Each structure stands twice: as structure tokens, then as C-alpha cells.
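Hi,

Here is the structure I promised to pass on to you. Have a look at it first, and then read my notes underneath.

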Amino acid sequence: MLPATEPRFVAPTSLNDAFGEVASERALLLAGGTSVVQWIKSGLVTPDTIVYLGRVAELSGIDRIGLTTLRIGAMVTARELARSALVQDSLPTLAQVAARLGNPRVRAVATVGGAIALGDPRQDLPPLLLALDARLIVRSRSRSREIALTDYYQRDQLHSGEIVTTVLVPTDAQMRVAYLRFVPGSVADHPRVSVAVSLRVNHGGSIEAARIALGAIGNAPTLAVEAQDALRGRAPTDDVAATAGGLAAATAPLARDGHGSVEYQRAMVEEWTRRAVVTAASDASPSA
Amino acid sequence: MRVHLTLNGLPAEITVSGDEALLDTLRAAGMTGAKEGCGVGVCGLCTVLVDRAPVSSCLYLAACAEGRDVWTVEGLTAHDPELVNAFASHEALQCGICTPGQVVSLYALAQEAPEADEAQIREQLVGNLCRCTGYRSIIAAGLAYVAGH
């Protein structure tokens, strides 16, 4: 067996250059590094090339597209999201969640593109972005495609040579958003369950649209579709929230893991979904 | 590969391998204030500043520091000895292993929030773990440093 040789490290400054580098089968994309560098240090991955995306100009920046969409570059960090006036104004819950993600050192490097690509449902951004109905732009040398984050987590996957370049998040002045995380352990632990809810409530006081994303359970963040359906057309009362909680718990893809039985997880999904719907309903800071 | 950066205020050129963590580079160069505790970015012992932000150097590849502005506890305390005075006068250390990380994180906060209160200090120190002091003396040192800043 040949001794392991150190990997090449490259830092392309354009997407075109990046596409050239990821053509190799054993090239590994590096964003913030909070997961990837651990894998490298532990020998879990042995790339021949590390492709650092931190200098790719097209992956940075936050701006608006028209009045209804925020465009976020894949290499935007949690720290940048939290401090962006644009995000604070148009998606305050996203700014607040980003401001408390992990710890200050994580926020300085962790990227939105990295969080999405990793798809760890225990992290905060994937379920929140799912509830916000985010879309991704995924590009390779030969094509560009736009996919809903829902589809990315359910059935799509990145093909060889593809890079997530952009996250598009709708901004809706009528949207009320909440993200709750239940952490029975210490502040550094992952949540047992997290729930992100976005509700559009009309002037008559009934819910026109609802998205409920469950995090920290299962293999990927999921939408509680039956619970969402039960909210539509109803007023966001405590009873309605309780019903949504029950449906989310009954339909969640649960499996016993190292942190609790299915019965326990089910009870926590029910309670924290109920709380998240109640909290979203009273969200007094819809986007401008 | 060669990496060019600014290190503790001075231009520096270092030779690193592609998968080398910045922590290891710094310690090999004699800057042993940053320490390896957990190796996975949760304990804070390896905290350094990169472009004014605190970073876990155990998970930050040295090659990523190309063109960046890096500060370690050695440079920051030379630059501002009040950091040391605040910790000493408030007995904000016992074994001292977490102290470099605490100092670096507090310096970064003071730069951005010169009137930081206790809540902001606590928020900034999330992830800078201490097994000895119970944190109160560290927070007191932080408040004193910010007040005198």
C-alpha cells in the first residue's frame, strides 16, 4: 500500500476555474471547514485535491432580486448573514438564527452553501431554509439548474462536477416565521428536535400558506405536509397549533437513535411543533 | 506550498502542506498560546483571529490564510497589555489552558462592541470552555477590559 501523500490545495478565484478543479474524482470542496477539516484530520476522506471556495468571486454577497427574493451566495457565512442589514430587514428570523448558530468561531467560517450541501438536519440553517421555501442554484461547467430545497433533500442530489452557488429565499411581507430548537443537553449540543414554521396569515386572520420543517430527526430536514395542510384556512389558535403538532408527530420519519426512543421523539415533535406554530403566529416582525 | 499572510501585524511567509491546520503551523512556529484541546472546534483553546473574527485554528487550514490578517494571543497581548492586567487582577485563570482563547475572543468583542455588557460577553464566550474558574472571574476580567478600553 502506497503511503498517503499530502493533497494539493487550490483556491480558484472564479467558478470557471473551480469547475476545472472539481473534475477530479478525489477532489473535495472546502467551504467553512467545520465538517470537512474534521474528516480530513481523522482520515475519513483522503482527497487528492482540496478545492477551497473562499476566493470564488461569484459565491459571495447578499443582494435582492426585485422586491421578492433575497439572493445569498453559497460562501456567505453565518456571521455575514447575521450582520447583513438586508437580511435583518427582510428575513429577521434568518438573521437571528444565524447570529446564534454554534458559537462565534463557527459563525465566522460556516457557510450557507456548506450547511445545505452537508444536509445535516441537526444544524439550524437547513430546516429554517426549508420552511422559508428556499431554492438553490446548482451549476456545473455545462449547465445551471434551479431546484427547490425540498426537492434537493427529498430526491435530488448533486452530480459530479456540480457546485451549489446560490441560495434564493423569497421575502414576503406577510410571512410570520419562527424557529425553535429543543436542546436537552448543553448549549454546545445538537437539538433533540428543531422546528421551523412560516405562516402567511391574511387580513381576515386565517392561514393562507404554511410550511413546517422538522430538523434534527431522521436523515434530512423534512416538511410536515399533513400538519401544513391542516393549518390552511384556519385561524392560528392554540387548538389549531395543537392539531398541527399531533399530525407532525404522527407522520414524522422517526427512528430510534442514540438520543431517545421513537416514543420520546414523537412526543417532542408534537410539543415543539405546537410551540413553533404558536410562536410564528405571534411573530410581530414580518418583513418589510 | 507557500502562504503569505499578515501575522501579529507583520508580513509573514510560511511553508505548509495542503491539509495542515493553522493551529499546527502556529505552534510549530513557536506560538504555543493556541492549544489543541478537542480538535473539533468546540472547546475554544485554539482560538485565533482571522480578519478580525475569532476562528477555531484546529479546523482552519493554514492555506486558507493566504492574504489574511491573523492574530494570536502573543501578538494581541503585546499590542495591548491591558488584556493581561485584566485577567491577572481578576484572577481569571487557574490552570491557564483556556486563557489564550478567552483573551482572543474578548479582544475581538471589545474591538467591535466597545460598550459590551455582560450578556454580550457571555454570548461571545460561548464555546470558550473553562474547567477551573466557573467563568465569573473571566467575565469580570472581560467587563473590566471593555470598561477600560
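Below is what I found on confidence, cysteines and aromatic rings.

Please keep in mind that this is a predicted model. The predictor gives the complex an ipTM of 0.96 together with a pTM of 0.95. In chain B the average pLDDT is 97, and 100% of the residues score at least 70.

Now to the cysteines. Over all chains, the structure holds zero disulfides. Cys95(B) is in no disulfide, and the nearest cysteine sulfur, that of Cys132(B), is 3.8 Å away. Cys98(B) is in no disulfide either; here the nearest cysteine sulfur belongs to Cys130(B), 3.9 Å away. Since a disulfide needs the two sulfur atoms within 2.5 Å, neither distance qualifies. As for their surroundings, Cys95(B) counts as exposed because its relative accessibility is 56%, whereas Cys98(B), at 8%, counts as buried.

The aromatic side may also interest you. There are three aromatic pairs over all chains. One of them is formed by Phe182(A) and Trp272(A), which are stacked at 5.0 Å centre to centre with 20 degrees between the planes. Phe182(A) lies in strand β9 (residues 175-182) of chain A and Trp272(A) in helix α12 (residues 262-281) of chain A, so the pair ties together parts that are 90 residues apart in sequence. Phe182(A) is buried at 17% relative accessibility, and Trp272(A) is buried with a relative accessible area of 14%. Trp272(A) also has Arg275(A) over its face, 4.5 Å from the ring centre.

Enjoy exploring it!

Best wishes

Notes
Residues are numbered from 1 along each chain as its sequence is written. Chains are lettered from A and ligands numbered from 1 in the order in which they are written. This is a predicted model: local features need pLDDT of at least 70, side-chain atom pairs count only at pLDDT 80 or more; totals for chains, interfaces and linings use all residues. Side-chain values use heavy atoms; hydrogens and water are left out. Buried means under 20% relative accessible area, exposed over 50%, partly exposed in between (1.4 Å probe, protein chains only). pLDDT is the predictor's confidence in each residue, from 0 to 100. Rings of Phe, Tyr and Trp (its six-membered ring) pair if their centres lie within 6.5 Å; planes under 30 degrees apart count as stacked, over 60 as edge-to-face and the rest as tilted. Helices (H or I, at least four residues) and strands (E, at least two) are DSSP runs, numbered from the N terminus. A charge sits over a ring if NZ of Lys or CZ of Arg is within 6 Å of the ring centre and within 35 degrees of the ring normal.
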